[in-house]
Amino acid sequence: MTLFDDRRKAILNRQAPLATRMRPRNLDEFVGQEKLVGAGRVVRRMIERDRLHSMILWGPPGSGKTTLAQLISGVTKSYFAELSAVSSGVRDIRKEAADAQHRIGATGTRTVLFIDEIHRFSKSQQDALLPHVEAGTFILIGATTENPSFEVIAPLLSRTRVYTMESIDDDGMNRIIASALTDLEQGLAAANPILNDEARSFLLSASNGDARSALNALEIAVESAPEEDGRRIVTVDLVEQAIEKRSRYDRLGDMHYDTISAFIKSVRASDPDAAIYYLARMIDAGEDPMFIARRLVILAAEDIGLANPNGLAVAVAAQQAVSFIGMPEGRIPLAEATIFLASAPKSNSAYLAIDKALGLVRQSRDEPVPMHLRNAPTRLMENMGYGKDYQYPHDAPGHFKPSENLPEKLQGSQFYEPGELGAEKQIADRLRYWWGERYDTDD
């Protein structure tokens, strides 16, 4: 590296965003991800022993994936090469592989190839990495915010280790913010900033565990803060103007599936507070309200069912209301249906009954329908016995008369097992009165 390169690097570093300037220089300065790089942890030991292997770092934005990759290459004295899956292709991969081969041959220096947003690589592009990862041409470190199980091809996954990184908690974020405010060389200390407790709390909440977002917003807020007695007072209003509050919710990503799963399971668990919270998360993130409404209709039939048959009517009404009035007002019928279903008694007996019946249908032949259940619209069919001995239930006392209605070889099969909660208890009592032992739940 020439003196010109050193000077250029120093100038660029001074002009870089705060989040870039404040990157940790060693593992001891790295905040968050203690489960991976804390003392004695697996990745920390791997780095300290210089026993690198290819890996995928999976975590939310601002959790330190790029920083950790740079630290790994620096601590192990490896050459750090970087590609972005957004702007790179197979040709770039081949060039980096050729450079890595030359480097190891000429100087014995290994190469760490960091690929940001590796989930954006196509299958063919990921295939191009395989022989080089297999041969150890370079140590691959891929970073992704998406679940590698779905976005990274199986052969590449089998040749790498996946490490999960988490959002930085408030304690870690406080340490990062404090360091930025007091660092005179790389941070903001020269501006004499004062970040009051209210503004700090808002910054922590709005940044959502994303260190990059928090630091860059803090820098903008400090630069725009008016001076008072040589100090810059950073208020909530300044932080709010500086930060771009971004939800990690992605309608095609993990957060989408995790949140709708949490919503459904909270309703099923009869927890209206948790259900409303996840509903609010989805609405705030811009989820399709009709998607939510459809899930409520399914929930009503699957999980509330016959314990409160009105649940399905409420869910369908909510779906119709949202379709009719749109958002944001549609949030109200969605909330009403959510609370109603979460608070209702639960039964999945109809869901179990149809699946049990479908299972039998699919594994057995189509047994003949009993003759007494068949209609006889012609004289020929009547002579063949169609409809013979059929007894009209409404002619019997109580509008009920026992009869065998399953095909002969399936008689005695039971698919519906009534529950004992809510309205379904009345159904169970009625069936026991009519059919006796068939619906007797006593052992």
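# Briefing on a predicted structure

Val369 is situated in the loop that connects helix 19 (349-363) and helix 20 (379-383). The model described here is predicted. Val369 shares a nonpolar surface patch with Leu373, Tyr390 and Tyr392. The points below treat this patch, one helix and its surroundings, and several residues found in loops.

**The nonpolar surface patch**

- Together, Val369, Leu373, Tyr390 and Tyr392 present about 390 Å² of accessible area.
- Val369 counts as partly exposed because its relative accessible area is 45%, and the partly exposed class lies between under 20% for buried and over 50% for exposed.

**Helix 7 and its surroundings**

- Helix 7 covers residues 123-135, which makes 13 residues.
- From its first C-alpha to its last, helix 7 reaches 19 Å, close to the 18 Å expected at 1.5 Å a residue.
- The buried residues of helix 7 are Gln125, Gln126, Ala128, Leu129, Leu130, His132 and Val133.
- These buried residues pack against two strands, strand 3 (111-116) and strand 4 (139-144), and against helix 6 (90-106), helix 8 (148-151) and helix 9 (154-158).
- Gly136, just after helix 7, adopts a positive phi of about 75 degrees.

**Backbone features in loops**

- Asp50 is not a glycine, yet its phi is positive, at about 55 degrees.
- The loop that holds Asp50 runs between helix 4 (42-48) and strand 1 (55-58), and Asp50 is partly exposed, with a relative accessibility of 34%.
- Asp389 is likewise not a glycine and has a positive phi, of about 70 degrees.
- Asp389 belongs to the loop between helix 20 and helix 21 (423-435).
- Asp389 counts as exposed because its relative accessibility is 60%, and exposed means over 50%.
- Met327 and Pro328 are joined by a cis peptide bond, with omega about 10 degrees.
- Pro328 lies in the loop between helix 17 (310-325) and helix 18 (331-343).

**Thr76 and its contacts**

- Thr76 occupies the loop between helix 5 (65-75) and strand 2 (79-84).
- Thr76 counts as buried because its relative accessibility is 6%, and buried means under 20%.
- The backbone oxygen of Ile72 is reached by the side chain of Thr76 at 2.6 Å.
- A polar atom of the Thr76 side chain also lies 3.5 Å from the backbone oxygen of Ser73.
- Apart from neighbours within four places in sequence, Thr76 is in contact with Ile47, Asp50, Leu52 and Arg110.
- Asp50, one of these contacts of Thr76, is the residue described above with a positive phi of about 55 degrees.

Definitions and conventions. Residues numbered from 1 in each chain as written. Predicted model: local features only at pLDDT ≥ 70, side-chain atom pairs only at ≥ 80, totals over all residues. Heavy atoms only, no water. Patch = residues over 30% accessible without salt bridge, like charges linked within 9 Å, V, L, I, M, F, W, Y side chains within 5 Å. Areas by Shrake-Rupley, 256 points an atom, 1.4 Å probe, with all protein chains shown as cover. Salt bridge = Lys/Arg side-chain N within 4 Å of Asp/Glu carboxyl O. Helix = DSSP H or I, 4+ residues; strand = E, 2+ residues; numbered from the N terminus. Buried < 20%, exposed > 50% of the residue type's maximum accessible area, 1.4 Å probe, protein only. Expected span 1.5 Å × (residues − 1). Contact = heavy atoms within 4.5 Å. Polar contact = N/O pair within 3.5 Å; in protein donor to acceptor, adjacent residues only side chain to side chain.
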